[in-house]
Amino acid sequence: MPAVTPRAINPRLAGPWPTRLLTAAVLVGSCGAGLAYSQDPSHAIDAVGRASGFEVRGLELNGQNKTSISSIVATASLAPGASIFTVDAEGLRERVERLPWVERASVRKVLPGTVQLEIEEAEPYARWRTETGVKLIARDGTVLSDTVAREFLDLPLIAGQGANALAEDAVALLDANPLYQIRTQAAVLVGERRWDLVLDTGATVMLPEIDPSAALDRLADLEMKGAITMEPVIVDMRLADRTVIELDPKDANELYIAPEEEHRFEEPADLLAAAIAEARREDDPLAAAIREAMQ
């Protein structure tokens, strides 16, 4: 427990705190006229509290784990020897709750001179890649740490401007689609409005802003007929009535799967294999372009 250096108590005022409380009441009463004319009565209250032995002598902390005691003590800014009556418990709570890991705090003043501070810390929720590195964030997007400890490397990774504020949406999307959850290396927020998923094969799945989960379901249905995302392709699922596969992202050659093809497609089973096979046709200009891109 961090201790605040005590001040010497007037021997006449030493004793059980109920007695000191009565003494303080008498002193306040005797100073009533002075308080009435004082511009800042808190100074008089502070003086009476200190004179009566109700000085802040200690700060008891409970619940902190990731938050350093030194940062809490510095944030609390309790003046050693100040009267406990003048401690602004609400202000103290608000200051402590602004610390990164602190989700909630409660403050209780225990006479004659102890301030109890109960802290609830946030749970790490995801990793957020930014231009300055990967940060650890809470569910509401608050940055808990500028570094990620090894114990949190399994948390979902998101990227993009503003992605921290929408981390809960990305995690919910992946939770609803376990097939892609286990294969997603990162969810990238594009234009602060929609997500791309980067899979373990290097494939990127571009999702629509509205109902991205339905787009993933549609992709899963397509992949039941043949793997699409087992190569580092870009799969554009932004439009509900079509799927576009970019075979080589660097050369931007695209394979368009029309809606009617999505529904009747059966053989060959692998869409990417079908595209490559089609690319071998000598008399097809699109095939030639794809073949060139694959070289």
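**Close-up views of a predicted model**

**View 1. Strand 5 and strand 6 joined by a hairpin.** Strand 6, which covers residues 143-145, runs antiparallel to strand 5, and two bridges join the pair in this model, which is predicted rather than determined by experiment. Across this pairing, I137 stands opposite V143, a residue of strand 6. The hairpin of these two strands has five residues between them, and within the hairpin G141 takes a positive phi near 95°.

**View 2. Strand 4 beside strand 5.** On strand 5, which spans residues 133-137, the pairing with strand 4, residues 126-130, is again antiparallel, and this pairing extends over five bridges. One residue to look for here is R129, whose bridge partner in strand 5 is V134. The connection from strand 4 to strand 5 is a hairpin, and two residues make up the link. When following the side chains in such a view, it helps to remember that in a regular strand they alternate between the two faces of the sheet.

**View 3. The second largest pocket and its lining.** The space in this second largest pocket comes to about 160 Å³. Its lining is made up of 13 residues, and those closest to the centre of the pocket are P156, L157, L174, Q181 and T184. Both helix 6 (167-175) and strand 8 (184-190) supply at least two residues of the lining, and it is strand 8 that gives the largest share, with four residues. Sorted by class, the lining of this pocket consists of seven nonpolar, three polar and three charged residues.

Conventions:
Residues are numbered from 1 along each chain as its sequence is written. This is a predicted model: local features need pLDDT of at least 70, side-chain atom pairs count only at pLDDT 80 or more; totals for chains, interfaces and linings use all residues. Side-chain values use heavy atoms; hydrogens and water are left out. On a 1 Å grid over the protein atoms alone, a cavity is a set of points where a 1.4 Å probe fits but cannot get out, and a pocket is an open set with protein on both sides within 12 Å along at least five of seven lines; lining residues have an atom within 4 Å of a point. Grid points are joined across faces, edges and corners, and a volume is the space filled by probe spheres set on the points. Ala, Val, Leu, Ile, Met, Phe, Trp, Tyr, Cys and Pro count as nonpolar, Asp, Glu, Lys and Arg as charged, and the others, Gly among them, as polar. Two strands pair if DSSP finds at least two bridges between them.
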